[in-house]
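User: Can you walk me through this model at an easy pace? I'd like to start with what the words mean and then ask about particular spots.

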Amino acid sequence: MRNYKTLNVGRSVIALTMACVLMACAPNEKKQVTEPTLRAGIGQDFFIGVAVNSDQMNGTDSVGAALIAKQFNSIVPENCMKSESIHPEENRYDWTDADAYVDFGTKHHMFVIGHCLIWHSQLASWFCVDDKGNNVSPKVLKQRMKKHITTIMTRYKGRVNGWDVVNEALLDNGAYRPSKFYEILGAEFIPYAFKCAHEADPDAELYYNDYSMHIPAKQQGALRIVKSIKEYGTPITGIGMQSHCNMDGPSVTEVEEAIKTLSSTGCSLMVTEFDLSAIPFPKDMSGAGIEQAGQYSEIYNPYPTALPDSVAQQWETRMKGYFDVYRQHKDVIKRVTVWGLTDGASWRNDWPVAGRTDYATLFDRTYKAKTFTQTLMK
Ligand code: XIL
């Protein structure tokens, strides 16, 4: 004991002397104060990302854009790369917002995500049908998918680092969703999309992304998808767990089980669309299907002016539970992306019931970091 103490005292004296010498050497140098940020805090465990909207990218919301650049080291586009936006007609692409998005990420040296290449929602109306509205043949759909994926990925090659190649191909019971893609091509549409993506940019990370991944049957569905992609002879990098969370679920235990099961594939994992709604989720709904639209009632909008302290406290406790698990599994979790910068910009105000006031993100309506958010900056 004694020896340790002597050693420590000796070390302290040396440290103090060195500090004095340094101060004496640089008397006029100002002390460098580094402001805490998410990217300097939790962003060292894994990428910390945010979904950005077009206003933040086109200069309309410059305060939001500056906050994104300062706090986050990864971004994903909330809407502008979905097929209905970027490829509205078979022979017309609209690059305006997507170009601004990718330029922003490149300028700020971020890990840039593309979202999403093949998805049944926000799907361009021409994609799976002919001009009479009938399903196209398997051959034509494959040609269209290849062209769509190749054209977009080639444009952003080397600048978009990872892509959600296929989004939401599963039902919550783990079966394949009966989307147009599935109807026409069967389950092959998934590995086929990954093959096209890998050929377009062999260096890009490629992900399968879905919601409600805490449901064991859905995890089994995801495992089946990963296996089918590998058997097709083409790579998959990671699995995205969207993670649109509510005050009554999923539990931290369910999330942890999902992480263990999904990482058994050898894929990396990412939390791709995290938000935690602070207001009631209608009992007759589940998942995160964007088509769900509940009837507005005041029961579903209990805090239109401010979140009571007691609820804010519960919200923080849940947030801590989720983020503690993510941090504990940082060996497999490579990114946590929040879906929306501020409470004001969050889609949760309008989904699954429109016209509400929710509190689901890391920054409040005045762009201020919440108390919990500040703990992630350490
Ligand atoms: C949401 C956007 O946030 C909304 O602005 C839009 O109106 C609907 O889509 N799963 C996804 C995301 O993969 O792309 C969805 O984003 C939310 C659910």
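Analyst: Sure, one term to begin with: contact means heavy atoms within 4.5 Å. This is a predicted model, where local features need pLDDT of at least 70, side-chain atom pairs count only at pLDDT 80 or more, and totals for chains, interfaces and linings use all residues. Residues are numbered from 1 along each chain as its sequence is written, and side-chain values use heavy atoms, with hydrogens and water left out.

User: Which residues does Arg144 touch, not counting residues up to four places away in sequence?
Analyst: Arg144 sits in helix α6, residues 138-155 (helices are DSSP runs of H or I with at least four residues, strands are runs of E with at least two, and both are numbered from the N terminus). Arg144 has a relative accessible area of 12%, so it is buried (buried is under 20%, exposed over 50%, partly exposed in between, using a 1.4 Å probe and protein chains only). Once residues up to four places away are set aside, the ones Arg144 touches are Glu90, Trp126, Phe127, Cys128, Val129 and Val136.

User: Is Gly43 buried or exposed?
Analyst: Gly43 is in the loop between α1 (2-25) and β1 (47-52). Outside its neighbours within four places in sequence, Gly43 is in contact with Leu38, Ile48 and Asn73. Its relative accessibility is 12%, so Gly43 counts as buried.

User: How many residues surround the ligand?
Analyst: The closest ones are Glu78, Lys82, His115, Glu273 and Trp339 (near means that a heavy atom of the residue lies within 4 Å). The shell splits into 5 nonpolar, 6 polar and 4 charged residues; here Ala, Val, Leu, Ile, Met, Phe, Trp, Tyr, Cys and Pro count as nonpolar, Asp, Glu, Lys and Arg as charged, and the others, Gly among them, as polar. The number of residues surrounding the ligand is 15.

User: How far is the polar side-chain atom of Gln242 from a nitrogen atom of the ligand?
Analyst: For comparison, Lys82 has a side-chain N or O atom 2.7 Å from a ligand oxygen, and a polar side-chain atom of Glu273 is 2.7 Å from a ligand oxygen. With Gln242 the ligand partner is a nitrogen atom, and the distance is 3.3 Å.

User: What is the polar contact between the side chains of Asn167 and Asn209, in Å?
Analyst: Asn167 is in strand β4, residues 162-167, and it counts as buried because its relative accessibility is 3%. A polar contact is a pair of N or O atoms within 3.5 Å; within protein, one must be able to donate a hydrogen and the other to accept it, and residues adjacent in sequence count only if both atoms are side-chain atoms. The Asn167 side chain has such a contact of 3.3 Å with that of Gln242. With Asn209, the value is 2.9 Å.

User: Which residues form one aromatic cluster with Phe323 and Tyr326?
Analyst: Phe, Tyr and Trp rings (six-membered ring for Trp) pair if their centres lie within 6.5 Å; planes under 30 degrees apart are stacked, over 60 edge-to-face and the rest tilted. Phe323 and Tyr326 both lie in helix α11 (residues 309-328), 3 residues apart, about one turn of the helix. Phe323 counts as buried because its relative accessibility is 2%, and Tyr326 is buried because its relative accessible area is 1%. The cluster partners of Phe323 and Tyr326 are Phe274, Tyr322 and Phe372.
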